[in-house]
Amino acid sequence: MSKQVELQTNHGRIVIELDDAKAPATVENFLNYVKKGHYDGTIFHRVIKGFMIQGGGMEPGMKQKATDAPIQNESANGLTNEKYTLAMARTSAPHSASSQFFINTKNNGFLNREQSSDGWGYAVFGKVVEGTEIVDAIEKVATGRQMGHSDVPNDNVVIESAKELA
């Protein structure tokens, strides 16, 4: 049975099924952050309609949280950036992902390794199995600029807690 994580947000509950067979290092990294309580009180700080919702690294007020060392990009695992899949966020450096992740809100094939401009793409490591309507609701929130960042929800979208389900 695949591991599952529940994200309790101020918009509702999202359950993610993790694919530790195809993305073992990424899933282990994500679960380490979950177990430490890293995601509790963080926000979805970047929301782009027709693209994705991103979270896992910022607290309200766009305050960045400290992270562990970055991990290797597992984008060659055969999983693709389809609607409701979870992938690691990163900088332009391929192996820079740490705690931030995003949920695709449409099929984003251009983020897959084969189609990406940098030859790496973004590593998918799970999918939403409950709460797709919550993802849809978060995607529709009003956004603006905050602390030099674009696409920030005007009202905080908070991950109140993240826990592994038994």
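**Reading spaces and cores in a predicted model**

Mentor: Welcome! One thing to keep in mind is that this model is predicted. Let's start with the open space. The largest pocket has 15 lining residues, and those nearest its centre are Gln 54, Ala 89, Arg 90, Thr 91 and Gln 100.

Trainee: Which elements give two or more residues to the lining of the largest pocket?

Mentor: Three strands do: S3 (42-48), S4 (52-59) and S10 (149-153).

Trainee: How is empty space found, and how much lies in the largest pocket?

Mentor: The general idea is to roll a probe the size of a water molecule over the atoms, which shows where empty space is left. In this structure, the largest pocket holds about 220 Å³. Its lining has twelve polar residues, two charged ones and one nonpolar one.

Trainee: What lines the second largest pocket?

Mentor: Its lining includes Ser 2, Glu 17, Leu 18, Asp 19, Thr 85 and Lys 127. Strands S2 (12-18) and S8 (124-130) are the elements that each give two or more residues. The largest share, three residues, comes from S8. About 160 Å³ of space lies in this pocket. By class, five lining residues are polar, four are charged and three are nonpolar.

Trainee: Now for closed spaces. How many cavities of 30 Å³ or more does a search of the whole structure find?

Mentor: Here the probe fits inside but cannot get out. The search finds one cavity of that size. The largest cavity has about 40 Å³ of space. Among its lining residues are Thr 26, Ile 71, Met 88, Arg 90, Pro 94 and Tyr 122. Six residues of this lining are nonpolar, three are polar and two are charged.

Trainee: And how should I read a nonpolar core? Which residues touch the most other members of the largest one?

Mentor: In general, nonpolar side chains in soluble globular proteins tend to be buried together. The largest core here has 31 residues, and Leu 7, Phe 30, Phe 44, Phe 101 and Phe 125 touch the most other members. Helix H1 (residues 24-36) gives the most to this core, with five residues. Apart from it lies another core, of eight residues, including Ala 87, Ala 89, Phe 102 and Leu 111.

Trainee: Could we follow one residue? What is Leu 7 in contact with, leaving aside its neighbours within four places in sequence?

Mentor: Leu 7 is in contact with Phe 44 and Phe 101, and also with Gly 12, Arg 13, Ile 14, Ile 16, Ile 159, Ser 161 and Ala 162. Try finding Leu 7 in the structure and tracing those contacts yourself.

Methods:
Residues numbered from 1 in each chain as written. Predicted model: local features only at pLDDT ≥ 70, side-chain atom pairs only at ≥ 80, totals over all residues. Heavy atoms only, no water. 1 Å grid on protein atoms, 1.4 Å probe; cavity = no way out; pocket = protein on both sides within 12 Å on 5 of 7 lines; lining within 4 Å. Points joined across faces, edges and corners; volume = space filled by probe spheres on them. Nonpolar A, V, L, I, M, F, W, Y, C, P; charged D, E, K, R; others polar. Helix = DSSP H or I, 4+ residues; strand = E, 2+ residues; numbered from the N terminus. Core = buried A, V, L, I, M, F, W, Y, C linked by side-chain atoms within 4.5 Å. Buried < 20%, exposed > 50% of the residue type's maximum accessible area, 1.4 Å probe, protein only. Contact = heavy atoms within 4.5 Å.
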